[in-house]
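Trainee: I'd like to learn how to read salt bridges in a protein model. Could you walk me through it?

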Amino acid sequence: LVPFFGRLRLRALTAAHVRAFKARKLEEGLHPNTVGGMHKVLSGALNQAVRDGLIPANPAAHVKKAAARGERPMRSLSLEEASRLAAATEGTRDEALIVVALRTGIRQGELAALRWEAVELENPRKPAITVRNSADTRKKPRVTTTKTGQERRVRIGARTVEVLKRHRARQREERMAAKSWADPGLVFPNTRGGIRRRRFVVDSLRRLLEEAGLPTDVRFHDLRH
């Protein structure tokens, strides 16, 4: 914010300046959500200036949310493509992660925060996953409620149950071989048992897409579609 607004006097700041700032950031390639976060910080500071009597009104208050210009459209895999991706994961550490994402539509952050206590595999009639939390893993991992703030129960089929059982057995072996393991409750942790960072999941997905002969620009979020 400072390089753009730093030389402006507070009382000279207008909504047009705020709109110009947001337009520039979008043109630089920042995601609309990131630009929206910048707007929120600026607006919060200006609200404080209003409360302090430095300006009569907040010029950022009525500037619209950044439009999603240039945002990539949602891409969905065909059944054949999804099958090829699932086949490429067989026997890998991320087999269960990708299969569950494809077959349930559970979001990446929700899978990062998923715990074994929320996975029902032993009930042959009603196996399910209860989604209670989500993890923001872009920087320092932070666990919060789901996007809607509510938990939901997702039914899973027999083939997904088998994949998760193999994954659980493989994870037990990995945990026993590790010098330390941060959290035995996570279903899809990193190699030390902690919450796995987003970029490592993205890198793994890209390798698997390449192995399956699929475009490597498919996003993890696209799997749920």
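Mentor: Gladly! Keep in mind that this model is predicted. Let's start with one residue: Glu-151 is exposed, its relative accessible area being 52%.

Trainee: Which residue does Glu-151 meet in a salt bridge?

Mentor: Side chains of opposite charge can pair when their charged atoms come close. Here Glu-151 meets Arg-132, with 3.4 Å from N to O. Glu-151 sits in the loop between β4 (142-145) and β5 (152-155), and Arg-132 in the loop between β2 (128-131) and β3 (133-136), 19 residues apart. Arg-132 is partly exposed, at 37% relative accessibility.

Trainee: Which residues are joined into one network by salt bridges that share partners?

Mentor: Glu-95, Arg-166 and Arg-170. Within that network, the closest N and O atoms of Arg-166 and Glu-95 are 3.1 Å apart. Arg-166 belongs to helix α7 and Glu-95 to helix α5, so this pair ties together parts 71 residues apart in sequence.

Trainee: Are Glu-95 and Arg-166 buried or exposed?

Mentor: Glu-95 is buried, because its relative accessible area of 7% falls under the 20% cut-off. Arg-166, at 41%, counts as partly exposed.

Trainee: How many salt bridges does the structure hold?

Mentor: There are 14. One of them pairs Asp-94 with Arg-196, whose closest N and O atoms are 2.6 Å apart. Asp-94 lies in the loop between α4 (79-89) and α5 (95-104), while Arg-196 lies in the loop between α7 (158-177) and α8 (198-211), so the pair ties together parts 102 residues apart in sequence.

Trainee: What are the relative accessible areas of Asp-94 and Arg-196?

Mentor: Asp-94 is buried at 8%, and Arg-196 is buried at 12%.

Methods: Residues are numbered from 1 along each chain as its sequence is written. This is a predicted model: local features need pLDDT of at least 70, side-chain atom pairs count only at pLDDT 80 or more; totals for chains, interfaces and linings use all residues. Side-chain values use heavy atoms; hydrogens and water are left out. A salt bridge is a side-chain nitrogen of Lys or Arg within 4 Å of a carboxyl oxygen of Asp or Glu. Helices (H or I, at least four residues) and strands (E, at least two) are DSSP runs, numbered from the N terminus. Buried means under 20% relative accessible area, exposed over 50%, partly exposed in between (1.4 Å probe, protein chains only).
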